[in-house]
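Trainee: Could you take me through one part of this protein slowly? I'd like a close look at the nonpolar core and what sits around it.

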Amino acid sequence: MSDNRAKGVFLDRDGTLIHDRPGHYLARPQDLRLYKHTPQALRILAQAGFKLFVVSNQSGIGRGYYTDETARAINKRMTGLLEQEGVIITDIAYCPHAPAEHCVCRKPLPYMGLRFIEKYGLNPKLCYMVGDKLSDLEFGRALGVTAIFVRTGNGRQQLQKHGNELTTEIIARDILSAAEWITKHEIQN
């Protein structure tokens, strides 16, 4: 049965939760590095009652740079590091396809988020999307959730490239600033 009060935060992975070098693919679990404030930010959100979902495009699989097994190992390392910090990720979904494959799951298409909304009984009006690319914001819009853009990862480049399209968006310094904005916004509503 769906709880119309269930709330969640959809989180991009690379460049939002973990360090990302634009133009490079994370292909080894041991190279994963959380941003310094990621555990604190996610604890703030969890303590406020949000379920945490990672939704990520992993086109490196479709491009042949690494395997699906490697992507799962990287996610396992990330969730393990977060669990050591007292953070539990509710669920993870990723699109393994290259852009040229024109699949139904690649952000900005809302497929991954719609699956989680249905599976966990989330109310989109009580949900947020946080990411460092225009496609993350478009994903949030397609889901009907509030989207927050972070300047980490690809954020600065995306602001230069798509600044005119981001004028009405919430822009945060990093994941911690986004978490603080979410919890403050929730209190005000």
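Mentor: Let's start with one helix, move into the core, and finish with the pockets. Keep in mind that this is a predicted model.

Take helix H1, which covers residues 38-47. Thr38, Pro39, Ala41, Leu42 and Leu45 are its buried residues. Looking down the axis of H1, you'd find them within an arc of 160°, so they line one face of the helix. The general rule behind that kind of pattern is that an α-helix has 3.6 residues a turn, so residues three or four places apart point the same way. Just past the end of H1 comes Gly49, with a positive phi of about 95°.

Now follow Leu42 inward. Together with Val9 and Val130, Leu42 touches the most other members of the largest nonpolar core, a set of 28 residues. Quite a few elements chip in at least two residues each: strands E1 (8-11), E2 (51-57), E4 (128-131) and E5 (146-150), along with H1, helix H3 (68-84) and helix H7 (175-188). H7 is the top contributor to this core, giving five residues. As a general point, nonpolar side chains in soluble globular proteins tend to be buried together.

Val130 is a good place to zoom in. Setting aside residues up to four places away in sequence, Val130 touches Val9, Phe10, Leu11, Asp12 and Thr16, plus Ile148, Val150, Ile175, Ala178 and Ile182. There's also another core, lying apart from that one, with 17 residues, including Cys95, Cys103, Cys105 and Val145.

What about the empty space? The largest pocket has a volume of about 510 Å³, and 25 residues line it. Nearest its centre are Asp20, Tyr25, Asn57, Lys133 and Asn154. E2, helix H2 (59-62) and helix H5 (134-143) are the elements that supply two or more residues to the lining of the largest pocket. Sorted by class, that lining has eleven charged, ten polar and four nonpolar residues.

The second largest pocket holds about 240 Å³ of space. Asp20 and Tyr25 turn up in its lining too, alongside others such as His19, His24 and Arg33. Here the split is five charged, three nonpolar and two polar residues.

One last stop is H5, where you'll find Ser135. Ser135 counts as buried because its relative accessibility is 18%, and the cut-off for buried is under 20%. Beyond its neighbours within four places in sequence, Ser135 is in contact with Lys107 and Pro108.

Technical notes
Residues numbered from 1 in each chain as written. Predicted model: local features only at pLDDT ≥ 70, side-chain atom pairs only at ≥ 80, totals over all residues. Heavy atoms only, no water. Buried < 20%, exposed > 50% of the residue type's maximum accessible area, 1.4 Å probe, protein only. Helix = DSSP H or I, 4+ residues; strand = E, 2+ residues; numbered from the N terminus. Arc of directions from axis to C-beta. Core = buried A, V, L, I, M, F, W, Y, C linked by side-chain atoms within 4.5 Å. Contact = heavy atoms within 4.5 Å. 1 Å grid on protein atoms, 1.4 Å probe; cavity = no way out; pocket = protein on both sides within 12 Å on 5 of 7 lines; lining within 4 Å. Points joined across faces, edges and corners; volume = space filled by probe spheres on them. Nonpolar A, V, L, I, M, F, W, Y, C, P; charged D, E, K, R; others polar.
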